[in-house]
Amino acid sequence: MAQTSKATVAGVLDVVSGISGIVGAIPLFVLALVGSGLLGTLPPPEVRPLAFIPLALFLPLAILCFVSGIIAIAGGIAAFNRSKWGLAMAGSIAAVFGFFPLGIAAVVFTIIAEPEFRSVE
């Protein structure tokens with residue numbers, strides 16, 4: 001089968017969305033640490049036990065964004081090389097968490113480009 005640009009477009013969308021997810025994880029991580037630190041320094045003692053709330057809310061989101069960004073970048077590289085369709089599909093699904101519109105487009109392009117992955121193997 002002739003190679004088209006579908007897998008390349010899916011790879012670009014995956015990588016851009018993955019980078020967006022990694023960059024988006026940084027403010028979430030900072031917000032978790034700074035918010036928890038600020039609540040811990042407030043004078044009323046009844047407020048100090050609430051200091052873990054920003055950490056409990058924003059740290060898992062930061063970790064999810066960072067991990068999904070790494071998976072999206074790895075899937076984008078697999079889509080560029082047309083080597084592993086499963087990894088490219090996982091990367092495009094993870095790209096949805098990084099940047100929603102680009103992630104949806106990456107899923108569509110990866111599904112459409114699936115025959116190109118079979119012809120390489």
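**View 1. Arg-118 and its salt bridge with Glu-114 in helix α5.** Arg-118 is exposed in this predicted model, with a relative accessible area of 53%, whereas Glu-114 counts as partly exposed at 22%; buried means under 20% relative accessible area, exposed over 50%, and partly exposed in between, with a 1.4 Å probe and protein chains only. The two residues form a salt bridge whose closest N and O atoms are 2.8 Å apart, a salt bridge being a side-chain nitrogen of Lys or Arg within 4 Å of a carboxyl oxygen of Asp or Glu. Because they lie 4 residues apart in helix α5, Arg-118 and Glu-114 are separated by about one helical turn. Helices are DSSP runs (H or I, at least four residues) numbered from the N terminus.

**View 2. The salt bridge between Glu-116 and Arg-82.** By the same rule the count comes to 2 salt bridges, and in this one the closest N and O atoms of Glu-116 and Arg-82 are 2.9 Å apart. The pair links distant parts of the chain, 34 residues apart, with Glu-116 in helix α5 (residues 114–120) and Arg-82 in the loop between α2 (52–81) and α3 (85–98). Both Glu-116 and Arg-82 are buried.

**View 3. Val-34 in helix α1.** Val-34 has its place in helix α1 and is partly exposed, with a relative accessible area of 44%.

**Notes.** Residues are numbered from 1 along each chain as its sequence is written. In this predicted model, local features need pLDDT of at least 70 and side-chain atom pairs count only at pLDDT 80 or more, while totals for chains, interfaces and linings use all residues, and side-chain values use heavy atoms, with hydrogens and water left out.

Terms used: Helices (H or I, at least four residues) and strands (E, at least two) are DSSP runs, numbered from the N terminus.
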